[in-house]
Amino acid sequence: MSLEKTIYIGPFVHCESLNELDVCPNGMFGVDEDGKIAFISRDMKGRPLPAHQGWENAKVVRIQDYGFFFPGFIDTHIHASQYPNAGVFGKSTLLDWLNTYTFPLESSFTDLDKAARIYNRVVARTLSQGTTTACYYATVHVAATNLLADICQSRGQRAFVGRVCMDRLSPDYYQDESVESAIRDSQACIDHVKKIDPYFDLVSPIITPRFAPSCSDEALAALGKLHHTTGVPCQTHISENKAEIQLVRELFPKSQSYTHVYDRAGLLTPKMILAHAVHLTKEERTLIKNRQAKISHCPASNTALTSGTAKVRTMLDEGLTVGLGTDVSGGYTSSMLAETREAIFVSRHVAMTDGDETKLSVAEALYLATRGGAKVVGLEDRIGGFEVGMDWDAQMISFGDGVGDKLGLDQSAGLVEIFGGESWEDKVAKWVYTGDDRNTKAVWVKGRLVHSQGNFKP
Ligand code: GUN
Ligand code: ZN
């Protein structure tokens, strides 16, 4: 689809590298018909629009209020099918939570009307919260999984859509019939995405063994083979909960560790996203690093299900690639802004025992939610920051209506209280700690407007 060439004018903020927030108070982007950033100017103050050749008639979008452009969030782990249960987890821990809350809900996705209702809502909601890319787990059902891919494609959300594989230790009413049927159904979902998006430009399939306990050796090996023959990426859970790890030890006596289970199946590759990684040993982290597999850190879920506190600083120091995941509905929120906050606070809990240097800064947590996530999904050349040649996956963040500013008063910022005199770093920190989706005025994916708030027309 060809878009209208657009020039975006206003402050912008993005993460240059871990802990390095790049703030530009007077920025300008030219976004071309393919939704790519064609040029960036860092000093628009008081200057007329530059007469870039071919851009004279471009549409102009300005930030009207106090605010800034920020890269779209990348949720590296979210269960779209569990969205109705977000915020509902009682006192459970992982294994009983799966049986009590999760499997009964997921099994109901044989009902396509229900699937359509829920999937439309989760995609709309996450877009409104600034999530431009999501790694989704669907359910075992082919038709409903394909529907989720269709919805992402038509609403314009960049997505990885996974049909969940689970051929054992699951309820009779909700599991794959056999290894063969699991592979056949996974292939059917890959073929469907190929039909709607042949180059996986916006939507991509992702091979999804649920986790080692619900997959036989044979199923894991067959999924590993499918991963290698198709080149389609993979996602799964790892080392989330101590009872789960003990179960893996009993189920896979030949494997030295949880990580080895996936490695032996050929699943530990640069295109594998491992969610949680709370209790990994040093040897496991080294193996993951050597295989260049990626980590999705899910702090809200790890706290909600009392799984544990993942040591993100250690993983980063050891050179692992880490992004953030909401893990709805182990996680209570579909907001990546809230997840960013959770990542900071969980790191502060770790710091209480492991030392202050383990704390994540606001900039570091935002890096994990954007550039880090882009690396986790293998799209670091296209998304996660603002560079010429990258896609315009962006959100317009606003602090208020600008009325106070016009009257010469301190800025009346509403939800995020700006009093004037804060540095840009302080304003961004206020957004992270006190903001929510009411600050997300507009969202674009590949240059296409995919969400705008109320009557706001950028
Ligand atoms: N492990 C296996 N399945 C799941 C799931 O649905 N959510 C979480 N958090 N962990 C899992
Ligand atoms: Zn999960």
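**Entry 1: Leu316**

Leaving out the neighbours within four places in sequence, I find Leu316 in contact with Leu18, Val322, Leu360 and Leu368. I note at the outset that the model I am reading is a predicted one. Leu316 itself belongs to helix H10, which runs over residues 312-317. Its relative accessibility comes out at 16%, and because the cut-off for burial is under 20%, I enter Leu316 as buried. I also looked up the separation from Cys298: the two residues are 18 apart in sequence, and their C-alpha atoms are 15 Å apart in space.

**Entry 2: the zinc ion**

Which protein atoms serve as donors to the zinc ion (ligand 2)? I list NE2 of His77, NE2 of His79, NE2 of His237 and an OD atom of Asp327, at 2.0 to 2.2 Å from the ion. Along the chain these donors follow the spacing H-x1-H-x157-H-x89-D. I then looked at where two of them sit: His79 is in strand E6 (residues 73-79), while Asp327 is in the loop between strand E15 (321-324) and helix H11 (336-354), so this pair ties together parts that are 248 residues apart in sequence.

For the geometry, I recorded angles of 91 to 165° subtended by the 4 donor atoms around the zinc ion (ligand 2), and this spread makes the arrangement irregular. A tetrahedral label would need all angles to lie between 85 and 135 degrees, and the range recorded here goes up to 165°.

Are His79 and Asp327 buried or exposed? His79 has 3% relative accessibility and therefore counts as buried, and Asp327, at 2%, counts as buried too.

**Entry 3: cavities**

Searching the whole structure for cavities of 30 Å³ or more, I get 4 of them, and the largest has a volume of about 90 Å³. Its lining consists of His79, Gln82, Leu94, Trp97, Leu98, Arg210, Phe211, His237, Glu240, His276 and Asp327. Among these residues I recognise His79, His237 and Asp327, which I had already entered as donors of the zinc ion (ligand 2).

Which helix gives the most to this lining? I find that helix H1 (residues 94-107) does, with 3 residues. By character, the lining residues of the largest cavity divide into 4 nonpolar, 4 polar and 3 charged.

**Entry 4: backbone details**

I next went through the backbone for unusual angles. The peptide bond leading from Val328 to Ser329 is cis, its omega being near 5°, and Ser329 is placed in the loop between E15 and H11. That is the loop in which I had already placed the zinc donor Asp327.

Ser239 is not a glycine, yet its phi is positive, at about 45°. I place Ser239 in the loop between strand E12 (234-238) and helix H6 (242-251), and with 1% relative accessibility this serine counts as buried.

A positive phi also turns up at Lys446, another residue other than glycine, where the value is near 50°. Lys446 is found in the loop that joins strand E17 (440-445) and strand E18 (448-452).

**Entry 5: Phe160**

Phe160 is part of strand E8 (residues 158-162), and its 8% relative accessibility is the reason I count it as buried. Setting aside neighbours within four places in sequence, I find Phe160 in contact with Thr133, Ala134, Cys135, Tyr136, Ser204, Pro205, Ile206, Pro233, Val377 and Leu379. I also checked Phe160 against Gly385, which is 225 residues away in sequence, and the distance in space is 19 Å from C-alpha to C-alpha.

**Entry 6: Thr145 and Asp191**

What does Thr145 touch, once residues up to four places away in sequence are not counted? My list holds Ala138, Thr139, Val161, Gly162, Arg163 and Cys189. Thr145 lies in helix H3 (residues 142-155), and I enter it as buried because its relative accessible area is 1%.

Asp191 lies in helix H4 (residues 179-196). With a relative accessible area of 37%, Asp191 is entered as partly exposed, since that class covers values between 20% and 50%. Finally, I looked up Asp191 together with Asn455: they are 264 residues apart along the chain, and 39 Å separates their C-alpha atoms.

Technical notes
Residues numbered from 1 in each chain as written. Chains lettered and ligands numbered in written order. Predicted model: local features only at pLDDT ≥ 70, side-chain atom pairs only at ≥ 80, totals over all residues. Heavy atoms only, no water. Donors = N, O, S within 2.8 Å, 3.2 Å for Na, K, Ca; no water. Tetrahedral: all angles 85-135°; square planar, octahedral: opposite > 155°, others 65-115°. Helix = DSSP H or I, 4+ residues; strand = E, 2+ residues; numbered from the N terminus. Buried < 20%, exposed > 50% of the residue type's maximum accessible area, 1.4 Å probe, protein only. 1 Å grid on protein atoms, 1.4 Å probe; cavity = no way out; pocket = protein on both sides within 12 Å on 5 of 7 lines; lining within 4 Å. Points joined across faces, edges and corners; volume = space filled by probe spheres on them. Nonpolar A, V, L, I, M, F, W, Y, C, P; charged D, E, K, R; others polar. Contact = heavy atoms within 4.5 Å.
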